[in-house]
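Trainee: Could we go through this model together? I should like to begin with the basics.

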Amino acid sequence: MLKIDELRVSYGGIEAVKGITMEVPEGKIVTLIGANGAGKSTTLRTIAGLVKPAHGRIHLQAEDITALNPDRIVSKGITLVPEGRRVFPDLTVLENLKVGAYLRNDSIEDDLKWVYELFPRLKERSWQPAGTLSGGEQQMLAVGRALMSRPKIMMMDEPSLGLAPIVVQGIFDIIREINRQGVTILLIEQNANMALKIADLAYVMETGKITRSGTGQELLNDESIKEAYLGKKRK
Amino acid sequence: MELFQKILPTLLSGISAGGQYALIALGYTMVYGILRLINFAHGDIFTVAGFVMFYAITAMPLYLAIPFTILVTVLLGFTVERVAYKPLRSAPRMSVMISAIGVSYLLQNLMWYVTGGQAQQYPSIPWISGKVMVLGVETKVVTVITPFLTVILILLLVFLTKRTKVGLAMRAAAKDFETARLMGIKIDGVISVTFVIGSFLAAVGSMLFFTNYSTVSPTVGMMPGLKAFVAAVFGGIGSIPGAVVGAFIIGICENIIRSLGWSTFSDAFTFALLIVVLCVKPTGLFGEKLEEKV
């Protein structure tokens, strides 16, 4: 569905992404794991249109979407849940969700209902400023806000960052549920263990390059991956 | 009753001056809210509006001159942003501020060039230039309608920011450009709308101000512009209610000081207030914590 070819991105004179090629098949959960500074976030930001690539192409189905502006990317059905959640703190929960549907001109009632069903907590707090929510609730809001654009592909940048393990589990359950309802997921995580467990397909990124790929299960059982990313010593 | 009759004119002109400052201050505060930029050219845009009205009235009837003046002012505000600020969007904030100072002097010098530096008699707008009796005190009609018009415009502005889609986009962009872009908001469009609204309010403010003040010269906008800026800082720059409250307080205090016979110090008071605010509560009355926008 989403195809990335030979993508190179430079950031302030440093090449952060050095020619990666990857694919996100429709209806799957794909994860990109790797250490801090491997270029994962830059990859997502480039797909979202926030950063322009130096080289390479990005295709959504047959359409070339390389270097389109973010609003065009959103209207094509790709959304990014940014790192650190980035909810609008003085807007209410409901207003945050409405901003998520900014480009839509049709009725958003059904989608609001859908998001509130996924996250009943948000419904209870719909009149509260988003800044008063807990970290986990803000992450729910960031996901809900992204869903309001009715995406085909939802990209997520470190959804587990700074959240308690139990909350992280809840977020991952929701990711799976959203995927079951037909949204393709591209997830980047430092919590490789969690990410690989739910991923159909996984890529490993190191210093701007993709070094491994396989199904989530394959990588989960791979000894070198275990050692590098899952915190388990080789026996 | 006698005391009341003595105080009332002061109060009326204070509230009226406050309303005029408020209309200018809103332009400062809205632009700051979204760009974190003190738009130094704003006071000059206000003055240009005065001159446009002066020339427009010689060429067309009043009912056309008013919308024409507003339109030209709005276009000027829009153009200034596109030409002088937009190319600097990713430049350090100091560069944009210097650009704003440049635009301010450019506009002032253009006005000198076009008008020859002569102070011009502002056309009297019938009806609002007239006199009226309020509770036994004679005053100009403009003094009475300014606060009402100001309040109506502020209510419209609040409605726009709180209840419309473009208002939602403005509030989102004011917090976080990048995330706003991820939602599909076109930042440049939102910024242009902000400048258009600010210039529109300045144009209306200039009509009220000059009807009261009666002469327009190239640098006449500096003082009200600066005072409106102080009002915006006093209220908490970036905050719409803050700018309005700050403007009314400054307008009223100034007129009280004048009526006590200390006219010489009324401007000094305003700027002393600025210094005190910056020392004691730099975020102003309604200001939020100052934070760097990413």
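Mentor: We shall take the sheets of one chain, then the other chain, and then the contact.

Trainee: What kind of model is this, and how are the residues and chains labelled?

Mentor: This is a predicted model, in which local features need pLDDT of at least 70, side-chain atom pairs count only at pLDDT 80 or more, and totals for chains, interfaces and linings use all residues. Residues are numbered from 1 along each chain as its sequence is written, while chains are lettered from A and ligands numbered from 1 in the order in which they are written.

Trainee: What is the strand order in the open sheet of six strands in chain A?

Mentor: The order is β6-β7-β8-β3-β9-β10, with mixed pairing. Strands here are DSSP runs of E with at least two residues, helices are runs of H or I with at least four, and both are numbered from the N terminus. Two strands pair if DSSP finds at least two bridges between them.

Trainee: Which strands stand at the edges?

Mentor: Those are β6 (78-81) and β10 (209-214) of chain A; each has a single partner strand, so one side of each is left without a neighbour in the sheet. From one strand to the next, the twist averages 20°. Axes for such angles are lines fitted to C-alpha atoms, for helices over the stretch in contact, and angles run from 0 to 180 degrees between N-to-C directions.

Trainee: Is β6(A) covered on its faces, or bare? Which residues lie on each side?

Mentor: Both faces of β6(A) are covered, with Ile78(A) and Leu80(A) on one side, Thr79(A) and Val81(A) on the other, and all of them buried. A residue is buried if 20 or more other C-beta atoms lie within 10 Å of its own, exposed if 12 or fewer, and partly exposed in between, with C-beta atoms placed from the backbone. Four bridges join β6(A) to β7(A) in parallel, and Val81(A) has Met156(A) as its bridge partner in β7(A).

Trainee: And β8(A): which strands does it pair with?

Mentor: Strand β3 (residues 29-34) of chain A pairs with β8(A) in the parallel sense over five bridges. Within that pairing, Thr31(A) has Leu187(A) as its partner, and Val30(A) has Leu186(A). Strand β7 (residues 153-157) of chain A also runs parallel to β8(A), over five bridges, and Met154(A) stands opposite Ile185(A).

Trainee: Which way do the residues of β8(A) point?

Mentor: Thr184(A), Leu186(A) and Ile188(A) point one way, Ile185(A), Leu187(A) and Glu189(A) the other, and all are buried. In a regular strand the side chains alternate between the two faces of the sheet.

Trainee: Which helix belongs to the β-α-β unit with β7(A) and β8(A)?

Mentor: Helix α7 (residues 165-180) of chain A completes that unit, which is right-handed. The term applies if, with the strands pointing away from the viewer, the path from the first strand over the helix to the second runs clockwise.

Trainee: What about the open sheet of four strands?

Mentor: Its order is β2-β1-β4-β5 in chain A, with antiparallel pairing. The edge strands, β2 (14-24) and β5 (63-64) of chain A, each pair on one side only. Helix α1(A) packs on this sheet, touching β1, β2 and β4 of chain A, and its direction makes about 70° with that of β2(A). Contact requires C-beta atoms, placed from the backbone, within 7 Å.

Trainee: Why is α1(A) described as largely enclosed?

Mentor: Eight of the eight residues of helix α1 (residues 40-47) of chain A are buried, so the rest of the structure largely encloses it. Gly49(A), which follows α1(A), has a positive phi near 95°.

Trainee: Changing topic, how many helices and strands are there in chain B?

Mentor: Chain B has eleven helices and four strands. Buried residues make up 46% of its 294 residues.

Trainee: How many residues does each chain give to the contact?

Mentor: Chain A gives 20 residues and chain B gives 14. On the side of chain A that touches chain B, α2 (70-76) and α3 (93-100) of chain A are the elements that give two or more residues.

Trainee: Where is Met183(B), and what does it touch?

Mentor: Met183(B) lies in the loop between α7 (177-182) and α8 (187-213) of chain B. Not counting residues up to four places away in sequence, Met183(B) touches Val99(A), Gly100(A), Tyr102(A) and Ala172(B). Met183(B) is buried, with 28 other C-beta atoms within 10 Å.

Terms used:
Contact = placed C-beta atoms within 7 Å.
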